[in-house]
Amino acid sequence: MTDAVGVLRALHHGRGAGRGPLVLPGPWDAASARAFEEAGFPALATPSAAVAASLGYEDGATPAAEMFAAVARITRSVSVPVSADVEGGYGLTAEELVGRVLDAGAVGVNLEDSEDGVLLDPRAHAERLAEVRAAAGGALFVNARVDSFLRGVADPEEAIARARLYIEAGADCVYPIGVPPEHLPLLRSRIEGPLNVAYRPGGPSVRELGRLGATRVTFGPGLMHRAMAAVRDIAGQVRRSS
């Protein structure tokens, strides 16, 4: 696809209550990526936890080489833009990280601001994001994950402060993972730029998340979990009939 990163950026803008949020399903392998593309989704975003599970690893334990190889298999299988969740960056320099992501065929990247369950210093992480932005130029859509809610900080001001630092550092989008839905209007009013929100079963619908302020909605490993539940059900039926 020509200018895939431009397409991905454009998909994030002009989103309002009438248009609804950008919905990005999370493929974990080539087959699931093709299924999502065939369903009509205009872009995809890999979830590291689902890719890890597909490769036989616990979340956060996938070797960098295997993660990038998995992303490459996904990007080769579809014609739509793909954003890659590369966790904390695997200790690579900004230049190395950008090179590996682009070599894998992805045009977006998701980076976390915690490590081993501990929040990173936000200013240090903002500097890291600025280095990634500088190394990538306009070639990557940078989604900066904000882990404060995930790590037990309930005050939305912490997430807002981190998100604003990351936007100033050059992030294209921020992702306050685990944000309680009631805080979304506040975050939307205080943060410039696109806002990524994770859909959770039993929570607000995708459309409602958009009404509350989400620019884009992703699913983490949730779609893979649903697919595997179906596989287990099929396996049980086959076993019982054999």
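Leaving aside its neighbours within four places in sequence, which residues is N196 in contact with? In this predicted model, the residue belongs to strand β9, which covers residues 196-198. The partners of N196 beyond those sequence neighbours are N143, C173, V174, Y175, P176, R216, V217 and T218. Two of these partners also meet N196 through polar contacts between side chains: N143 at 3.1 Å and R216 at 2.9 Å. The relative accessible area of N196 is 1%, and because buried means under 20%, N196 counts as buried. The picture at this end of β9 is thus of a buried asparagine whose side chain is joined to those of N143 and R216.

A second buried residue with a side-chain polar contact is found in a helix. R162 lies in α7, a helix made up of residues 156-168. With a relative accessibility of 4%, R162 falls under the 20% limit and is therefore classed as buried. The side chain of this arginine reaches that of D113, with a polar contact of 3.0 Å between them. D113 is also among the residues that R162 touches once neighbours within four places in sequence are set aside; the others are L119, L120, P122, V146 and S148.

Attention now turns to how the helices pack. Two packed helices are described by the angle between their axes and the distance between the axes. For α5 (residues 94-103) and α6 (residues 122-136), the axes approach to within 8 Å and the crossing angle is roughly 55°. This angle lies outside the ranges for roughly parallel, roughly perpendicular and roughly antiparallel pairs, so α5 and α6 are oblique to each other. Their crossing is right-handed. On the α5 side, the contact is formed by A94, E95, L97 and V98, which meet R128, E131, V132, A135 and A136 of α6. Sorted by class, the residues of this contact comprise 6 nonpolar and 3 charged, with no polar residues.

The pairing of α2 (residues 30-38) with α4 (residues 64-77) can be described in the same terms. Here the axes come within 8 Å, and they cross at roughly 35°. The crossing of α2 and α4 is right-handed. From α2, the residues A30, A33, R34 and E37 take part, and they meet R73, I74 and S77 from α4. This contact contains 3 nonpolar residues, 1 polar residue and 3 charged residues.

Two loop residues deserve a look for their backbone angles. Which value does phi take in Y90, a residue other than glycine? The angle is positive and near 60°. Y90 sits in the loop that links β3 (82-85) to α5, the helix whose packing against α6 was described above. Its relative accessibility is 24%, and since the partly exposed class lies between 20% and 50%, Y90 is partly exposed. D116 likewise has a positive phi, of about 55°, although it is not a glycine. The loop holding D116 runs between β5 (114-115) and β6 (118-119). Is D116 buried or exposed? At a relative accessible area of 78%, the residue passes the 50% mark and is therefore exposed.

Conventions
Residues numbered from 1 in each chain as written. Predicted model: local features only at pLDDT ≥ 70, side-chain atom pairs only at ≥ 80, totals over all residues. Heavy atoms only, no water. Helix = DSSP H or I, 4+ residues; strand = E, 2+ residues; numbered from the N terminus. Buried < 20%, exposed > 50% of the residue type's maximum accessible area, 1.4 Å probe, protein only. Polar contact = N/O pair within 3.5 Å; in protein donor to acceptor, adjacent residues only side chain to side chain. Contact = heavy atoms within 4.5 Å. Axes fitted to C-alpha atoms, helices over the stretch in contact; angles between N-to-C directions. Parallel < 35°, antiparallel > 145°, perpendicular 65-115°, else oblique. Left-handed = near helix turned anticlockwise from the far one by under 90°. Nonpolar A, V, L, I, M, F, W, Y, C, P; charged D, E, K, R; others polar.
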